[in-house]
Amino acid sequence: MGSLWVGTKYFFRAAATVALILLGQASGSAAASDVLALSEEADRDDDEALVVTVELGRHTLNPGILIFQDYRTMGEFWLPLGDLMATFQLQVDVSPDRLRAEGWIYNESRRFEMDLEAGVLMLEGERIALSRDQVERHLDDIYVRKDVLEEWLPLHLDVNLRRLQLLVSTIEPLPLEVRLATQERRSRIPGSRQGFDGTLIGPAQRLATLPFMDTNSNFRVRQNNGDRRLSGSYTLRAASGLLGQDFSATLNGSGSSLGGLQEPNLRMTLGRESLTEDLLGIPGLRSYALGDVATPRIPLVANNRAGRGARLSTFNRATRTRGNRITLRGDLPTGWEVEVYRDGTILDFQTAPDRDGRYEFQELRTRSGMNTFKLIFFGPQGQRREEIERFFVDGLSTPAGQTNVELAVNQQSSNLIDLRNRPSGGTASGTVRGVALVEHGLTDRISASASVTTLVSPDTLELSALPSDPLDDFLDQADVFSDQPDRLEDRELISRAGRRQVLLGTGVNATFGGVLANFDAALNPRGGFGTEFSVQSAIDHMRFTLEHREFHGLESEISDRITRLGAPKRESEIDVNASPTVSFLRRPSISMGASRAAHASGLRAYRLNSRLSSSLWRFRQTTQVSWNFEGGADRREETEPRSPQGNLSFRLGTSFGPVGLRGAANYRIEPDPQLRTVNMTADWDLNSRVGVRNGIRHVPENSLTTLTSGLNWNNGRFAIGFNGDVNTDRNFSAQLTLRVGFGINPRNNKLDVRSGGMSSGGAVSPRAFLDKEATGRRDPGDPYLEGVAFRGSGISRDHRTGDDGLLFASGIAPYSERVLELDARSIEDPFLVPTDPKQGFFVRPGQTTYLDFPVVPTGEIDGVVTIVNGERERPGRGTRLQLVRENGEVLKEELVTFDGYYYFGAVPYGRYTLRLARDHDTFIPITLNAENDFAWDTNFVIERE
């Protein structure tokens, strides 16, 4: 019995061993069969083929690739490796004929080597065995199963059958994805290419051009306490080309029945900016100007100041800010108001122009990255217009290894031709100031700067009492019945005369891990120095800025400010902005800030402020609260800490159809709580040309109520308005305004009259014509095309070319690279297409850029692609065909459909070569002209062994 059991046991062991050997041989044979099968060409049914677009976020990466859906394996998808590698711009060359795919992904250290003959893939040093259920060799590509490709590359692929899309989402950003994001950010910067890689066209160099001009004038009559007065003012602005330069001039003046005509104010600037070329033969010089120029802001030393002088700069135009502060200034006609916003939050406002006819917003804080400021202008009769100013703040305003220089000198607050013969205001007005700034990029993350500044510091005014809040100044300005508010009334002044100073500055900018840091220092060789440090960063939806500066005996324009507490010794500020997600509020913006300043007197000044801007339904509101208080030991008997000052302001805006409402209220919290002012304005657009404004303003302190009403008519060529106001003291005023702009299109010498905005920029004049012989230029006999529309910023699609084929668009921001595209849908004949539908251009102030858009007749090419392998023929589906111009440029590329058919439509007349995308040695020559405009049944035969 035992021997039987032993024999049986050994028998089963031997049988199992033989079975394992046979099974191993079978699997080895199967593996060998798989290896051989990888090198063979696969053939799939036509009903499995799909043509899909490749989508990455908002970007269409490829308009059409051929994929297969295998219904035998639960609908698995097979994707073309070569097409996807080219679409993702990964450096992998896929060659199905050679049974190989080799190159690298993301970077050169990540090798990708596929060998179908050996049945292996070497991916980043890892050996991966391949099988027929993972990879297939097709005629024009190597196809990989979708889930397998997702294992090889750090991305996720999803096929949307309803929309025929291949949706790509990345785990690790593709190099292409990084470039697209970079281009998108840069496209919002002035001077960016906006996705256009061709040649930019600008205005032709001319000795002189006729100017574009804007005029604003107003006439006013008012009665105040029985005193009746007539007054008027005007602003004339012109821009043109002069001696190959950019020339601009602004003239404004005023007069009244009591004071007579006042001396006019004339500002002029002559200079040039460049996007790429070196100006004046100086390497890297990007801009220069003579006349009304501004010196740059230097941290701890000097603010941005305008005056007559000269400026040279190699800095990129988009990088216009240093030291986390900017200044916005421009022309402001009499009777107009302006508000400045950032991210939908109001930062400041100005209710009247200064003596130079301008608005000026000093020391607006910037953040790292793109800063978009919106200026909203309100006219006296309800007019409204907007302007956008963009500033890109980067720790690397100068790239690594490069050096930028800016030199500026001017006579502060003086014009090139000073008709008033006196400074416009300020104790340092009329004095000469100069700035020399150098910045060098040390690394990709660090840049350093140095500066020399000479200026006369303003007289230091120490006041025994200050206004409780800047709101007091606004209320004085807003009083329409006050001629010249006395801001220093009942205030004791202690003056210290300014003196000439030379100050040295240095700074370091660095960016690490989303943190932008700046360190600046300033030194007066005669004694005294100062330091400043700031940090900016963002956490989720919250941005914050920290600043700290110290003055150790430094006398500068920044340190010698008007103060009742003596010179500042130490200042600290924190600013936090957040945009949290709140379900019932749309785009809320919360801003909180605090500052502390220690002065030489021993007193410390504190300021707290907070602002909330939000939208709820149709309403947009901004609420701001500010507190000022003082503390510390008093070292001077005549100086005592003031009681706390607190103010609350509230602004509300909404619209209901054609009616817009704006309201504001100002409340003093400390001391003596009291409602300061409350006002409401309603703007009603009766139609596209006529608008009405009505408003009411009440000041409880003196029980004064003012009613206003206005009517504005804008017919597109000019705008005229009338408004009046009356108050409870029986005082009244009435005002008439007129605004008109005009310029001449130099291409046809036609006068273009508009209601404004002509001189604020340049113009573009595209021309469309039929290029019969496809020469690329207009020859005698080529007719103009009427009724053609264009697409591009600054041009309305409603505007069409006239009988001379011309269109004229003005008011385009200068030195900003733009793209203009001819709208082919506006051409009635479908067989007429533009040879170059998109053209890049830029404009210069007061000058016109010419663009020509030749339109040529077209034909069609179609046929069938057949693959012949011995005696076997089948459709060449998935094959890519290219249509190539005589100069070697690929005009179009099409994917052959599942039945082998291809079609090229709207092909301009000319000579072409039809070839395989992957085999340029196989081609067919084709010629399209007026006698032979259709190349039908152009069949393509591909022979395979």
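In this predicted model, F934 has a relative accessibility of 27% and is therefore classed as partly exposed, since the buried class ends at 20% and the exposed class begins over 50%. F831 falls in the partly exposed class as well, with a relative accessible area of 37%. The rings of F831 and F934 form an edge-to-face pair, because their planes stand at 90 degrees, with the centres 6.0 Å apart. This contact links distant parts of the chain, 103 residues apart. F831 lies in the loop between strand 51 (818–822) and strand 52 (832–834), while F934 belongs to strand 61 (residues 934–935).

The count of aromatic pairs comes to 13. F112 and W152 provide a further edge-to-face case: the ring centres are 6.2 Å apart and the planes meet at 70 degrees, an angle over the 60 degrees required, so the pair is assigned to that class. Here too the contact links distant parts of the chain, F112 being in strand 6 (residues 111–115) and W152 in helix 3 (residues 146–152), 40 residues apart. Both F112 and W152 are buried. Elsewhere, Y359, F361 and F377 make up one aromatic cluster. An aromatic ring also meets a charge at Y850, where the charged end of R747 sits over the ring, 4.6 Å from the ring centre.

On the surface, a nonpolar patch is formed by F219, W713, I720, F722, L736 and L738, which together have about 550 Å² of accessible area. Strand 45 (718–727) and strand 46 (732–745) are the elements that give two or more residues to this patch. F722 is located in strand 45. With a relative accessibility of 47%, F722 does not pass the 50% limit for exposed residues and therefore counts as partly exposed.

Strand pairing was examined in an open sheet of four strands, with the order 13-53-51-49 and mixed pairing. Strands of a sheet pair through backbone hydrogen bonds, in either a parallel or an antiparallel manner. Strand 13 (200–201) and strand 49 (790–791) are the edge strands of the sheet, each pairing on one side only. Strand 13 runs parallel to strand 53 (residues 838–841), and two bridges join them. Within strand 53, G840 is the bridge partner of L200. Strand 51, a member of this sheet, also borders the loop that holds F831.

Note on methods. Residues are numbered from 1 along each chain as its sequence is written. This is a predicted model: local features need pLDDT of at least 70, side-chain atom pairs count only at pLDDT 80 or more; totals for chains, interfaces and linings use all residues. Side-chain values use heavy atoms; hydrogens and water are left out. Two strands pair if DSSP finds at least two bridges between them. Rings of Phe, Tyr and Trp (its six-membered ring) pair if their centres lie within 6.5 Å; planes under 30 degrees apart count as stacked, over 60 as edge-to-face and the rest as tilted. Buried means under 20% relative accessible area, exposed over 50%, partly exposed in between (1.4 Å probe, protein chains only). A charge sits over a ring if NZ of Lys or CZ of Arg is within 6 Å of the ring centre and within 35 degrees of the ring normal. Patches are made of residues with over 30% relative accessible area and no salt bridge: like charges are joined within 9 Å, nonpolar side chains (Val, Leu, Ile, Met, Phe, Trp, Tyr) within 5 Å. Accessible areas come from the Shrake-Rupley method with a 1.4 Å probe; for residues, only the protein chains shown count as cover. A salt bridge is a side-chain nitrogen of Lys or Arg within 4 Å of a carboxyl oxygen of Asp or Glu.
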